[in-house]
Amino acid sequence: MTEPRARLLYVEDDAGFARLAQRRLARAGYDVNVAGGYDEALAAMDARPYDRVRADCLMPDGAGLKLLHTSSKRATPPPFIIVSGIADLPAAVRAMKEGAIDWIVKESCDGFFDLLSATIERALG
């Protein structure tokens, strides 16, 4: 068994989309855990370290930006990639000021996963 390329926490409230992402990223060699919201993601981050966190910005519980803000107060916060279904420049600027390493807009499934994989690789490199 080979070591994963990176440990990722994928924070997404759409369970079907999260499973699809988990399978696609696992095939690319990543160890991916999924959290459905803020509390679940925070518990996952307390349980183990992650190389990257991918968090949805517009979840009902505000998970993406709220989790980024909470995490930024930790001694060694994991790098965040924030994802949104809409292009929201003020929210993107806020996320980058809070320490996000990138902001991605979900456009189409295939294009999105290619972009996400490229963003993760660039962040790891």
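## A residue to start from

Which residues does Asp56 touch, not counting residues up to four places away in sequence? In this predicted model, the answer is Val11, Glu12, Asp13, Ala63, Gly64, Val83, Ser84 and Lys106. Asp56 has its place in strand E3. Is Asp56 buried or exposed? Its relative accessibility is 5%, and because buried means under 20% relative accessible area, Asp56 counts as buried.

We will come back to Asp56 and its strand after a look at the whole chain.

## The overall plan

The protein contains 5 helices and 5 strands. If you follow the chain from the N terminus, the elements run β-α-β-α-β-α-β-α-β-α. Of its 125 residues, 41% count as buried.

You can also ask what share of contacts links residues from distant parts of the sequence. Among the contacts in the protein with a separation of 6 or more, 61% are between residues 24 or more positions apart.

## Strands side by side

Let us begin with strand E1 (residues 7-11), which runs parallel to strand E2 (residues 31-35) and is joined to it by 5 bridges. To find a spot in this pairing, look for Arg7, which stands opposite Asp31 in E2. Between these strands comes helix H1 (residues 15-27), and E1, H1 and E2 together make a right-handed β-α-β unit.

E1 also pairs with E3, again in the parallel sense, over 4 bridges. Here Leu8 stands opposite Arg52 in E3. E3 in turn pairs with E4 in the parallel sense over 4 bridges, and Asp56 has Val83 as its bridge partner in E4. To get from E3 to E4, the chain passes through H3, and this β-α-β crossover is right-handed.

## A strand covered on both faces

How many residues of E3 are buried? The count is 5 of its 5 residues. A general point helps in picturing this: in a regular strand the side chains alternate between the two faces of the sheet. In E3, Arg52, Arg54 and Asp56 are on one side, while Val53 and Ala55 are on the other. Both faces are covered, since these residues are all buried.

## Two helices and their cover

In helix H3 (63-71), the buried residues are Ala63, Gly64, Leu65, Leu67, Leu68 and Ser71. Their cover includes E1, helix H2 (38-47), strand E3 (52-56), E4 and H4. Two of these buried residues, Ala63 and Gly64, were on the list of residues that Asp56 touches.

Helix H4 (residues 89-98) has Ala91, Ala92 and Ala95 buried. Seen down the axis of H4, the buried residues fall within an arc of 100°, so they line one face of the helix. Why can residues separated in sequence share a face? An α-helix has 3.6 residues a turn, so residues three or four places apart point the same way. The face of H4 turned away from the buried side carries the exposed residues Leu89, Pro90 and Lys97. Among the elements covering the buried residues of H4 are helix H3, strand E4 (80-84) and strand E5 (102-105). After H4 comes Gly99, which has a positive phi, near 115°.

## Charges over rings

How many aromatic pairs are counted? The count comes to 0. Some rings do have a charged residue over them, though. Arg54 lies over the face of Tyr10, at 4.0 Å from the ring centre. Lys66 lies over the face of Tyr38, with 4.3 Å to the ring centre.

## Apart in sequence

Pro4 is in the segment before E1 and is partly exposed, with a relative accessible area of 32%. Pro4 and Gly29 are 25 residues apart in sequence, yet their C-alpha atoms are 5.4 Å apart in space. Leaving out residues up to four places away in sequence, Pro4 touches Gly29, Tyr30 and Asp31. You have met Asp31 already, as the residue opposite Arg7.

Where is Lys73 found? It sits in the loop between H3 and E4. Lys73 is exposed because its relative accessible area is 63%, and exposed means over 50%. Lys73 and Glu98 are 25 residues apart along the chain, and 9.9 Å separates their C-alpha atoms.

Definitions and conventions:
Residues are numbered from 1 along each chain as its sequence is written. This is a predicted model: local features need pLDDT of at least 70, side-chain atom pairs count only at pLDDT 80 or more; totals for chains, interfaces and linings use all residues. Side-chain values use heavy atoms; hydrogens and water are left out. Buried means under 20% relative accessible area, exposed over 50%, partly exposed in between (1.4 Å probe, protein chains only). Helices (H or I, at least four residues) and strands (E, at least two) are DSSP runs, numbered from the N terminus. The arc is that of the directions from the helix axis to the C-beta atoms. Contact means heavy atoms within 4.5 Å. Rings of Phe, Tyr and Trp (its six-membered ring) pair if their centres lie within 6.5 Å; planes under 30 degrees apart count as stacked, over 60 as edge-to-face and the rest as tilted. A charge sits over a ring if NZ of Lys or CZ of Arg is within 6 Å of the ring centre and within 35 degrees of the ring normal. Two strands pair if DSSP finds at least two bridges between them. A crossover is right-handed if, with the strands pointing away from the viewer, the path from the first strand over the helix to the second runs clockwise.
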